[in-house]
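Me: Could you take a close look at one part of this model for me? I'd like to know how the strands there are put together.

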Amino acid sequence: MNAEPDASQPLTRIPIDDPDFRVLFESAPGLYLVLTPDLRIAAVSDSYARATMTQRKEIIGRDIFEVFPDNPEDPDATGVRNLRASLQRVLRNRTADVMAVQKYDIRIPEEEGGGFAVRYWSPFNSPVLSADGSVAYIIHRVEDVTELVRLKQQGIEQSRLTESLREQVLRMEAEIYARAKDTAEAAQRESEARAQLIFDTSPLAMLVVDSGGQIVQANGRAAELFRCPSEKLIGRPMDVLIPERFHVRHQMLASEYFRHPEPRAMGKGRDLHAVRADGEEFPCEVSLGPVAIGGELHVIVSVVDITLRKRAEEEIRLLNADLERRVEERTAELQAANQELESFAYAVSHDLRAPLRAMSGFSQALMEDYGERLEGEARVYLDQIMLASRRMGELIDGLLQLSRCTRGELGRDPVDLSALAERILAELTRVEPARRVEWCVEPGLFARGDVRMIEVVLRNLIGNAWKYTAGTDTPMIRVYAEQASEGEYRRFYVADNGAGFDMAHAGKLFQPFQRLHRQEEFPGLGIGLATVQRIVHRHGGTIDAVSAPGQGATFRFSLPAVGRGDEEIR
Amino acid sequence: MKAKTILLVEDNAQDEMLTLRALRRVNLANQVDVVRDGQQALDYVFREGEFATREGPDLPTVVLLDLNLPRIGGLEVLERLRADPRSRLVPVVILTSSDEERDRLGSYEHGANSFVRKPLDFTEFAETVARLGVYWLATNEPPWG
């Protein structure tokens with residue numbers, strides 16, 4: 001602290017041309033220590049020795065840190081470390097090094113009580129370079145700032161010292177704040193402008209309504225929708241946009257909404273209506289979203305005119321209703337037609353048979369009771385009546401079977417065609433044991449369908465094969481199928497080596513009452529294949545035939561296939 | 001021994017003639033009463049209407065019933081016979097031209113004892129009717145003694 005020059009030094013004793021630099025140095029009014037590059041003390045000013053409570057003769061030649069160790073009482077002491085670092089920087093860089101204010105306590109001599117005294121220093125180390133540029137000495141200059149630090153710590157000195165600084169800081173702060181505020185406000189303004197732009201140009205009609213039900217904003221689309229300029233909407237109650245009959249309910253629901261505001265669609269499960277300025281009502285969809293504006297709860301209301309959608313929906317509904325009605329009508333017509341067909345078949349079954357029975361019956365009775373009295377060709381004529389009525393009876397039976405195939409429920413069971421075919425062929429063999437027909441039925445032929453109808457199919461096809469091989473030397477009938485996977489249709493074949501037919505007439509094959517052979521060649525009704533085709537068609541399958549005169553015929557028909565599981569169940 | 005009768009319910013005169021001829025040939029013709037519709041059949045069985053004063057046994061030994069009848073149809077006649085305690089057990093044979101499944105099942109469901117389709121062939125028809133007559137009058141034991 002004490003840095004005044006020692007007044008006791010007699011300057012007059014020093015010659016003017018050869019000043020005593022040692023005296024001058026030692027008397028300099030500053031705190032100086034000169035160190036060698038190995039950090040030993042080479043010289044010290046009186047002021048330095050006084051300030052550090054040391055004696056020159058006791059410290060010259062000694063290591064600086066031996067003389068000035070850290071205060072062992074202060075565990076946070078950094079003096080030795082920081083000073084050594086600074087000095088080494090000087091040695092390394094050969095430039096001056098300014099240290100920050102450093103606490104570096106000073107040992108109190110034993111005779112004065114010992115221990116350490118708290119000191120703060122502001123050190124400055126600068127090199128003295130030799131001719132070769134290496135560091136010859138380091139001048140270590142310090143200022144004792146202990147008092148200043150103490151005052152600062154008390155806050156007195158600081159307040160005085162920083163008064164002006166603080167003003168300056170305040171000014172700067174104000175400026176920074178102002179600038180920041182400008183930026184924030186600009187951002188805010190921009191965001192608000194953007195929001196407003198979005199609101200104004202939204203393709204959705206939007207309104208902002210306050211908790212009192214007043215419209216505070218309305219965008220362009222809303223003005224368009226309600227046919228009223230925005231500025232005329234603003235300030236008016238929301239109710240003007242709602243048909244009067246809904247006012248009470250709306251007010252109730254609106255106040256309810258403000259109690260539990262959340263974004264949601266309005267009027268779930270009921271049709272909403274709004275009213276335009278010109279009084280026109282329109283159906284709409286409304287969505288609500290709460291929003292705080294100026295700290296107050298508002299609701300953003302978006303309104304969509306759904307007139308067109310409603311109209312389209314209504315059209316679809318009408319079309320559907322119409323379609324349904326037409327389907328019902330058509331179904332009823334079909335049912336009526338079916339009904340008619342059924343009564344017709346029933347009538348045929350009952351009413352055509354009775355007179356037939358009478359014709360054949362009385363012919364026979366006549367023959368039996370009066371046969372011996374009939375002359376000439378009378379018996380032949382009676383025979384013809386009986387033959388004709390029998391044939392007509394067969395025709396009626398055939399027609400009935402044909403009509404029965406087109407009505408009634410269609411079974412969907414797995415059917416074993418192999419077993420059916422075997423049985424039919426065995427029956428035919430039993431009825432006509434004289435015929436020697438060879439036949440071969442592939443085992444395991446299954447189809448899904450109506451068992452009785454499929455039996456009719458096989459009975460007709462196998463019956464035909466049987467019939468048309470009558471004139472063949474070695475008649476052969478084969479029943480087989482193509483493989484098919486589940487869910488598909490499987491093709492079945494009934495083939496013979498009989499009379500066959502000319503493919504030119506194949507078109508007539510499946511038409512009722514059309515025959516490709518003369519009655520005296522092969523008798524028949526011409527109903528069988530028509531019936532077969534109907535049955536196959538009802539099962540969703542197809543049927544065709546390949547043949548040539550004298551080459552036999554192969555009938556191919558498809559029926560729904562069945563899976564393995566079905567066959568096992570069967 | 002009580003007299004045994006067949007009640008033939010048949011609206012077709014030719015079928016009736018052929019039926020009677022067949023029964024005559026097995027000597028049963030004089031035991032047959034013929035009615036022409038369902039109403040007459042019921043009146044006959046219950047001795048009502050025009051049959052209020054008919055003679056003979058209370059119930060026929062067998063009723064040969066056609067289905068396609070004027071006024072009251074065959075199935076309804078059957079139903080009413082089965083519903084009445086007096087005629088509940090009378091044997092009824094349905095004799096019809098129909099070979100419709102619904103007629104066959106309907107007949108059995110309403111309690112028919114037999115269902116016979118009239119054969120189209122006269123010889124067969126005559127044989128069938130004769131067998132029926134013989135069976136129900138001579139072979140079959142009626143429910144009452």
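Reply: Strand 13 (residues 281–293) of chain A pairs with strand 14 (residues 296–305) of chain A in the antiparallel sense, over 10 bridges. Keep in mind that this is a predicted model. To get your bearings in that ladder, find Leu288(A), which sits opposite Val301(A) of strand 14 of chain A. The two strands make a hairpin with two residues between them, and Gly294(A) there takes a positive phi near 60 degrees.

Now go to the stretch leading into strand 13 of chain A. Strand 12 (residues 272–275) of chain A also pairs with strand 13 of chain A, again antiparallel, through four bridges. A handy marker here is Leu272(A), with Cys284(A) of strand 13 of chain A standing opposite. Strand 12 and strand 13 of chain A form a hairpin too, this one with five residues between the strands. Its turn holds Gly279(A), whose phi is positive at about 95 degrees. So if you're scanning for glycines with positive phi, look at Gly279(A) in the turn between strands 12 and 13 of chain A, and at Gly294(A) in the hairpin of strands 13 and 14 of chain A.

There's one more partner to pick up. Strand 11 (residues 264–265) of chain A runs antiparallel to strand 13 of chain A and is joined to it by two bridges. Ala265(A) has Ser287(A) of strand 13 of chain A as its bridge partner. As a general point, strands of a sheet pair through backbone hydrogen bonds, either parallel or antiparallel.

For a contrast, hop over to chain B. Five strands there form an open sheet in the order 2-1-3-4-5, with parallel pairing. Strand 2 and strand 5 (114–117) of chain B are at the edges with a single partner strand each, so one side of each has no neighbour in the sheet. From one strand to the next, the twist averages 20 degrees.

Within that sheet, strand 1 (residues 6–9) of chain B and strand 2 (residues 32–35) of chain B pair in parallel over four bridges, and Leu8(B) has Val34(B) as its bridge partner. Between these two strands the chain passes through helix 1 (residues 13–24) of chain B, in a right-handed β-α-β crossover. Further along, strand 3 (residues 62–65) of chain B runs parallel to strand 4 (residues 92–96) of chain B, and three bridges join them. Val63(B) is bridged there to Val92(B) of strand 4 of chain B.

Conventions: Residues numbered from 1 in each chain as written. Chains lettered and ligands numbered in written order. Predicted model: local features only at pLDDT ≥ 70, side-chain atom pairs only at ≥ 80, totals over all residues. Heavy atoms only, no water. Pairing = 2+ DSSP bridges. Right-handed = clockwise from strand over helix to strand, strands pointing away. Axes fitted to C-alpha atoms, helices over the stretch in contact; angles between N-to-C directions.
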